[in-house]
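Subject: Handover of a structure and notes on it

Dear colleague,

Please find below the structure that I am handing over to you. My notes on it follow directly after.

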Amino acid sequence: MPAFRQVGEKQLPNPVLCMAWSPKRDLIALANTTGELLLHRLANFQRVWILPPNEYTGKEITAIAWRPDGKILAFSLGDTKQVVLCDVEKAEILHVFPVETAASCMHWMEVLEESSALSSFYTSEDESKLFLPKLPTLPKSYSTTSRIFSEEKSDEILNLLGEVRLNILVLGGGDGFLELYAYGMYKIATLAGVPGTCRSLSLSSDLKSLSVITDVPHSAGKAEICYIQLDTGLLSDCLPEVTRMARKFTHISTLLQYLRLSLTCMCEAWEDILMQMDLRLTKFVQEKNTSTQVQDEFLELLLWGQSSPELQALLMNQLTVKGLKKLGQSIESSYSSIQKLVISHLQSGSEALLYHLSEVQGMSLWKQKFQPLGLDAAAIEDAITAVGSFSLKANELLQVIDKSMKNFKAFFRWLYVAMLRMCEEHVPPELNKMTQKDISFVADFLSEHFSENEELFDRKGKYFNVERVGQYLKDEDDDLVSPPNTSGNQWVKFLQESTHLKASPLLFPSYPQKSLHFVKRMMESVIESCLRKPAEVIGKSVKQAVCLPLYMAQSSDKAPRLFELPSLWNDKKANMHYIVFCMPEVSPCKLYLLRRATDPHRHVPNGLMAVDLSNVLSHRMDGDGGEGGSAAGVRPDCAYGCLDARFYDDETLTVVLRVPEDESKGRVLAQLPLGAALRSDAHFNWDPALRLDLQGGAIPCQGLVLENQWRDLENMKAQFVAVNGIRKVACVLSANLRHVRVYEMDVEDEEDEEGAESQNASADQEDLETSMAVQGQEMAVQEAEQAEAGPEAADSGVGALERSAEEHLESEESLELS
């Protein structure tokens with residue numbers, strides 16, 4: 001029996017750019033050239049969901065990375081320079097943040113180190129839940145069609161933190177771009193001074209160092225591949241403090257997004273129909289021939305029950321009784337919805353934001369612990385003040401809404417009766433009663449809101465501002481058209497007359513001339529400035545410990561960068577960085593292994609080793625095929641070279657082999673044990689003045705012969721591989737980036753338990769499959785409608801269009817192999 005069991009094969013319609021296995025489930029994520037993100041499960045390589053490209057986020061996926069718990073998938077976009085966090089279970093985008101440079105590679109790691117300080121922090125993490133109520137879910141009735149987010153996702157957004165244990169997303173790009181994001185959201189470090197473009201990253205689980213493979217351009221279309229180790233000792237030394245700070249700042253980032261979505265809901269609850277009264281009155285002023293003011297004409301109607309022909313035409317022909325009733329209902333419904341959102345969402349979110357910022361302020365005052373990380377008490381105080389101002393502005397909006405609802409209700413009730421009388425229709429008795437107090441109330445409303453304003457017409461194209469709520473929701477820098485009248489407010493008068501309270505830091509500034517959107521943007525700017533300082537301080541503490549030029553490579557855009565060697569691996573038990581690479585121009589049949597301790601100050605004696613692949617399969621082959629699964633394409637006299645290599649575990653490499661410079665020979669998928677190489681005492685004297693490929697002949701080399709841990713890849717021009725040693729799976733990709741095969745590894749030891757193994761392999765993803773069932777059913781229905789009737793179509797779930805595309809791709813593959 002072959003060493004590895006094939007469980008799926010598929011011809012894809014679009015070339016694959018990135019692929020990565022989930023760390024927790026038998027799921028693999030693929031990104032293709034059209035900008036689609038696809039999720040497939042191991043069994044039969046069945047597609048779980050597809051996330052199409054979006055104009056708001058971007059269409060050019062450059063890298064993907066799984067969060068260590070397997071619940072969030074991050075991908076970077078080159079055309080819009082953004083990073084997106086996607087919910088794996090629901091295929092929904094939860095968070096998007098911009099980056100200065102498009103990310104060319106990503107790595108998401110989880111800290112494994114335990115300490116007493118961290119343990120106490122883990123147990124006390126939920127203290128905020130004792131003091132803060134749970135934030136309400138944003139209403140599903142409002143959906144942001146023009147943006148990527150929908151409000152029903154607010155629960156998932158607030159749960160983006162995941163586990164309490166610190167995890168860090170590392171981004172790398174061109175021009176030395178390197179950034180670290182705690183929990184994938186909060187930037188804790190911006191690194192500088194790394195030459196070239198990042199091709200691969202690996203942050204050690206003990207946070208002591210970051211390994212980077214860079215591509216430094218040279219002349220003649222070549223690039224120098226370098227290995228750089230960065231000392232991130234500050235993160236390791238202050239791990240409890242970094243975890244606590246990152247946790248709090250990520251809470252703050254999620255709350256800011258919650259407030260943004262709440263404000264979006266409020267803007268959608270406000271309707272354009274509310275502007276109808278202002279526009280009708282402006283048109284009335286422009287068309288009427290009389291010199292009387294609109295305010296006077298309405299007052300005459302209120303006092304004498306008579307109106308000019310022009311006003312009567314406005315009311316009966318343009319506004320109409322039915323239109324007035326609809327306008328009144330729209331205002332009441334819209335204002336009520338906005339009012340509820342302010343009370344339940346804006347104010348609750350602001351209170352939670354104040355709570356977490358106050359805790360961060362307390363941390364900043366513990367200078368012995370947190371000052372080295374860049375926490376600035378003054379900047380945090382400014383952020384608290386900005387949140388207070390936002391809360392005041394939200395409260396001011398509540399007062400405006402409350403007053404407007406009372407005014408409009410009285411005004412529309414009177415105007416509705418007046419228009420019924422003009423029509424000589426019956427007036428209901430319950431509406432016909434109007435006290436002197438009601439008349440005075442309507443008169444005050446008319447005198448305040450119905451006066452013509454020439455300056456307003458120049459700014460907004462209208463003379464009136466009857467509707468006062470919409471101005472607070474405008475995302476503009478202009479002052480409010482009609483700011484609240486505070487002349488009779490005793491508290492405002494007291495503050496203005498008080499010398500000591502006027503500039504007191506205990507009182508939040510109110511900005512009475514600005515809109516809610518303006519104050520929200522100001523608050524976000526101050527908080528982001530506050531959050532940015534630790535990233536700058538931590539970034540400056542990171543120093544370059546090692547820079548090793550490895551070899552020259554031909555610059556080529558044919559293969560995706562993420563598939564190219566070198567490949568990085570972090571041995572968490574031994575605290576080692578492993579770098580595996582090939583130098584085909586120097587030794588086409590050798591694979592090189594470079595080892596560095598995660599502690600830059602710790603020396604590794606056998607730091608560099610070469611593995612000779614020349615005779616790796618020789619003794620297991622004969623002309624008829626051997627025990628290891630050889631076939632006609634694999635010959636015993638072949639000297640194999642490595643096309644791709646990925647770490648399966650700490651002592652095993654999964655490799656794709658071929659005969660160099662001979663495309664007619666078959667490809668082989670193999671498991672290379674590295675135990676002997678890792679335990680070797682051979683020493684290599686590296687000359688730092690020379691590039692490694694110029695002294696490759698002196699590198700200690702070990703021969704290797706495989707037993708049965710290999711398999712011939714028949715009828716496939718394999719080129720790349722992605723593996724997950726925890727789940728014991730591998731995915732092989734062809735050179736044309738469209739043909740994939742999926743394998744279960746290490747199955748020969750459990751031959752008698754294949755059925756049980758299959759059940760165990762899928763047991764941990766039952767919850768995920770349940771949550772994805774609806775999407776899978778919808779996809780199956782769509783494909784079934786297109787498929788031909790028959791058992792094969794029913795079993796595969798592939799529609800007629802997809803099968804025809806696969807047949808075309810298979811013919812291309814056959815031509816390529818021939």
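The notes below go through strands, helices, salt bridges and the surface in turn.

Please bear in mind throughout that this is a predicted model.

**Strand β29 and its neighbours**

I would suggest beginning with strand β29, which covers residues 739–744. Of its 6 residues, 6 are buried, so the strand is largely enclosed by the rest of the structure. In general, side chains in a regular strand alternate between the two faces of the sheet. In β29, H739, R741 and Y743 are on one side, while V740, V742 and E744 are on the other. Every one of these residues is buried, and both faces of the strand are therefore covered.

Two strands pair with β29. Strand β1, residues 5–11, is joined to β29 by 6 bridges, and the two run antiparallel. Within this pairing, Q6 has Y743 as its bridge partner. Strand β28, residues 729–734, is joined to β29 by 5 bridges, again in the antiparallel sense. Here L733 is the bridge partner of V740. β28 and β29 form a hairpin with 4 residues between them. In the turn of that hairpin, L737 has a positive phi of about 70°.

**Strand β14 and its hairpin**

A second hairpin is made by β14 and β15, with 5 residues between the two strands. L207, in the turn, has a positive phi of about 65°. β14 spans residues 197–203, and 6 of its 7 residues are buried, so this strand too is largely enclosed by the rest of the structure. It pairs with β15, residues 209–217, in the antiparallel sense over 6 bridges. Across this pairing, L203 of β14 stands opposite L210 in β15.

**Salt bridges**

How many salt bridges does the model contain? The count comes to 18.

One of them returns us to β29: R741 forms a salt bridge with E9, and the closest N and O atoms are 2.9 Å apart. R741 lies in strand β29 and E9 in strand β1, so the pair ties together parts that are 732 residues apart in sequence. The two partners differ in their exposure: R741 counts as buried at 6% relative accessibility, whereas E9 is partly exposed, with a relative accessible area of 38%.

Another salt bridge joins two helices. K248 is paired with E359, with 2.5 Å between the closest N and O atoms. This pair links distant parts of the chain, since K248 is in helix α5 (residues 239–269) and E359 in helix α9 (residues 321–365), 111 residues apart. K248 is buried, with a relative accessible area of 12%, while E359 is partly exposed at 27%.

A third salt bridge is formed by R646 and D644, whose closest N and O atoms are 3.1 Å apart. Both R646 and D644 are buried. In addition, salt bridges that share partners join E224, R691 and D693 into one network.

**Helix α6**

What span should helix α6 have, and what does the model give? The helix has 12 residues, 276–287, and at 1.5 Å a residue these should span 16 Å. The end C-alpha atoms are 17 Å apart, which agrees.

The buried residues of α6 include M277, D278, L281, T282, F284 and V285. They cover an arc of only 160° around the axis, which puts them on the same side of α6.

**Helix α16 and a surface patch**

S541 is located in helix α16. This residue counts as partly exposed, at 31% relative accessibility. The C-alpha atoms of S541 and L234 are separated by 6.9 Å, although the two residues are 307 residues apart along the chain.

Finally, I draw your attention to a nonpolar patch on the surface, formed by W491, F494, L506 and L507. Together these residues have about 450 Å² of accessible area. One of them, L506, is placed in the loop between α15 (490–497) and α16 (516–541). Is L506 buried or exposed? With a relative accessible area of 75%, L506 is exposed, the cut-off for that term being over 50%.

With kind regards

How values were computed:
Residues are numbered from 1 along each chain as its sequence is written. This is a predicted model: local features need pLDDT of at least 70, side-chain atom pairs count only at pLDDT 80 or more; totals for chains, interfaces and linings use all residues. Side-chain values use heavy atoms; hydrogens and water are left out. Buried means under 20% relative accessible area, exposed over 50%, partly exposed in between (1.4 Å probe, protein chains only). Two strands pair if DSSP finds at least two bridges between them. Patches are made of residues with over 30% relative accessible area and no salt bridge: like charges are joined within 9 Å, nonpolar side chains (Val, Leu, Ile, Met, Phe, Trp, Tyr) within 5 Å. Accessible areas come from the Shrake-Rupley method with a 1.4 Å probe; for residues, only the protein chains shown count as cover. A salt bridge is a side-chain nitrogen of Lys or Arg within 4 Å of a carboxyl oxygen of Asp or Glu. The expected span of a helix is 1.5 Å times one less than its number of residues. The arc is that of the directions from the helix axis to the C-beta atoms.
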